[in-house]
Amino acid sequence: MRKALPYVFALLSATAITIDTASVSEVSAPLTGFNAASLTAVLLFAAFCLLFKNAKVSKTSICAAAVMGLCHIIGRTFFNRDSLYLICGSKSEALRSLIIFIGVTAILAVLIERLFAYFETATPNKKPLPFLATWGIIFVCWIPYLLCRPPLFGWDTMAQIDMFFGKWPMYNGHPVISTFFYGLFAKFGIALGSVNISMYFLSVSQSLMFSAALAYCLKRTRNLPKAVYFVFLAVFALVPVFSVFGTIAEKNSVYAVFVLLFTIFAYDVLRGNPTKKQTVGLIVSAVMCILFRLNGVHVILPTLVIFMFGKSAAKKQIAVATIATVSVYIGTNYILLAVMNIPHGRAIEALSLPIQQSARYAREYSKETPQSEKNVLNKIFDYDDAIVSYNPQISDPVKKGYIRPATKVPPTKADFAKYFKVWLAQFKRHPKTYFEASLNNTYTYCSFYDSKLGLRCFPTVHSGSIGEASLEKVIGYRFKHIFPNESPNIVYRSLAKVEKAALFAPLFAPLCRIALYTYLLMAVIAYAIKTRKKKLLAVCLPSVLSFLVCIASPVNGDFRYAIAYVVCVPFLIGLCFEKNKASA
């Protein structure tokens, strides 16, 4: 019986891939999808027979693969139907999903186990490139993005500049320190006579910082095999996701740099006897994470508190970092705001997930909802409008009008208390609706099925007519392209085509998907559990919390939210090659 198992799993895997690559319409009729791809199925069966031959997998690998397989079928059903229909809508669909789950899990379990074996047997690269050489290679590959287009900045940066110059009321929806940071850069440009110069300098400075952080990441992964080292270097230098986020002036890019540095210095401190530089690095990176992202506190502070309760020999340094983080958070988010009379961001901004659940419930069960509940919900969001504007991929349409100050009367604490009572009551009535709303708004973070909002791998940027018009209204200055011609030059257009092509090119496409980095993070965690590398498992915590922040975010599959843990994954993989378990 055991001898037949590889062939059984090979058959299931080949069937799973065949069903999965066929469209839902093709497999809606019994056996149609199977017949249409019979040749592919035979070839896959032969390939998987070789893959599963003499394969031995651990329970840890199977568990990790099962989680990934579950994520895959969830992504499949929500990408195609915006619901759990392809999992539990009918017996035939449930059977197809079960086959896909088992087949994908079997393939991933073997691949994960082989990855674990590679971690143990690979030969470290004894002559890695010097830090300056690595930094130079990455930055030089990014230079076309800096030379061939105007300074670019994201929606959030534009909003922060708007607030700084009074177009919008100043509030702490974005960290007020970062708002002043970007606003002062624009103001500095006015003093120089050219905002173009100051914003361009900001873009170049951030590129240098981002590329330096990636180079430092490679320097610190001392045990990387030569092939893996150069693959990571090529990914950092050539994959547009990294080059775009590295060169665009946006708080998420800066935040990602400091999350990476925090992870690196946290590992140094957890190993015991950290140097003063490492301790200072931990404190500074933790504080900067707080200053550039409001939800940075939900990543940094829980991590430091958990470290405090661990068996680290550097509790004193961790305590200092914790106190500094809490002090800066209170100082900037309460004391400074009170002194400057700046209001906090609306509470509804942090409630994307429950708001989406309530909006989906309103769309599906409005007729059976009592008027008393509608009245309570209507104080949190526009109930009637939510039924029409609800988008399962993004919560902003439902929250619109209640986010910025001076737009609509904000809900009170009493309103929120009543809301959560209604929210809980509706959950008890139709829990499936809540689960569907949550998964529909997050599946792209952990599956290779793309969001229906489009591939949000690159930030929506302000450049050309959009950014020029906005800034012209705010500060009376019109951005101009670096090159004198009015339309973007041919190199800039070529870069845009490269970015678009990378999303679908065979080698680049997976590297432009968040799910790849999520799966690799899962594999690292599984390896740390299997080998009992507690320090490795501990330093995965900032990335795990960053992933959970993405799950609670308002947009499905937005790379700017995930970039914070995406940049950490190569460093965590590098730690898996540490041969000394005591040090890892």
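# Exercises: charged pairs and rings

The side chains of Glu-364 and Arg-363 meet in a salt bridge, with 3.8 Å from N to O. Keep this pair in mind as you work through the exercises; the model is a predicted one.

**Exercise 1.** Work out whether Glu-364 and Arg-363 are buried, partly exposed or exposed.

*Solution.*
- Step 1: Recall the cut-offs: buried means under 20% relative accessible area, exposed means over 50%, and partly exposed lies in between.
- Step 2: Glu-364 has a relative accessible area of 32%, so this residue is partly exposed.
- Step 3: Arg-363 has 38% relative accessibility and therefore counts as partly exposed.

**Exercise 2.** Find where Arg-96 and Glu-93 lie, and say how their side chains meet.

*Solution.*
- Step 1: Start with the contact: the two side chains form a salt bridge, 3.8 Å from N to O.
- Step 2: Next, place the pair: Arg-96 and Glu-93 belong to helix 7, which covers residues 91-121.
- Step 3: Because they are 3 residues apart in this helix, about one helical turn separates them.
- Step 4: Finally, check the surroundings: both Arg-96 and Glu-93 are buried.

**Exercise 3.** Explain why the salt bridge between Glu-113 and Lys-530 ties together parts that are 417 residues apart in sequence.

*Solution.*
- Step 1: Look at the contact itself: the closest N and O atoms of Glu-113 and Lys-530 are 2.8 Å apart.
- Step 2: Glu-113 lies in helix 7 while Lys-530 lies in helix 26 (residues 514-531), so their salt bridge joins parts 417 residues apart in sequence.
- Step 3: Compare accessibility: Glu-113 counts as buried at 15%, whereas Lys-530 is partly exposed, with a relative accessible area of 35%.

A general point helps here: side chains of opposite charge can pair when their charged atoms come close. In this model the count of salt bridges comes to 12.

**Exercise 4.** Start from the salt-bridge network that includes Asp-156, and describe the helix containing this residue.

*Solution.*
- Step 1: List the members of the network: Asp-156, Lys-251, Asp-558 and Arg-560.
- Step 2: Find Asp-156 among the buried residues of helix 9, which also include Met-158, Ile-161 and Phe-164.
- Step 3: Helix 9 spans residues 155-164, and 9 of its 10 residues are buried, so the rest of the structure largely encloses this helix.
- Step 4: Look just past the end of helix 9, where Gly-166 takes a positive phi of about 90 degrees.

**Exercise 5.** Now turn to the rings: the count comes to 32 aromatic pairs. Classify the pair of Phe-79 and Tyr-449, then the pair of Phe-181 and Phe-185.

*Solution.*
- Step 1: For Phe-79 and Tyr-449, the centres are 5.6 Å apart and the planes make an angle of 40 degrees, and the pair is tilted.
- Step 2: Phe-79 lies in helix 5 (residues 59-81) and Tyr-449 in the loop between helix 23 and strand 2, so the pair ties together parts 370 residues apart in sequence.
- Step 3: Phe-79 is partly exposed at 32% relative accessibility, while Tyr-449 is buried at 13%.
- Step 4: For Phe-181 and Phe-185, the distance is 5.3 Å centre to centre with 70 degrees between the planes, and this pair is edge-to-face.
- Step 5: Both Phe-181 and Phe-185 sit in helix 10 (residues 176-192), 4 residues apart, about one turn of the helix.

**Exercise 6.** Which part of Arg-293 sits over the ring of Tyr-255?

*Solution.* The charged end of Arg-293 does, at 5.0 Å from the ring centre.

Key
Residues are numbered from 1 along each chain as its sequence is written. This is a predicted model: local features need pLDDT of at least 70, side-chain atom pairs count only at pLDDT 80 or more; totals for chains, interfaces and linings use all residues. Side-chain values use heavy atoms; hydrogens and water are left out. A salt bridge is a side-chain nitrogen of Lys or Arg within 4 Å of a carboxyl oxygen of Asp or Glu. Helices (H or I, at least four residues) and strands (E, at least two) are DSSP runs, numbered from the N terminus. Buried means under 20% relative accessible area, exposed over 50%, partly exposed in between (1.4 Å probe, protein chains only). Rings of Phe, Tyr and Trp (its six-membered ring) pair if their centres lie within 6.5 Å; planes under 30 degrees apart count as stacked, over 60 as edge-to-face and the rest as tilted. A charge sits over a ring if NZ of Lys or CZ of Arg is within 6 Å of the ring centre and within 35 degrees of the ring normal.
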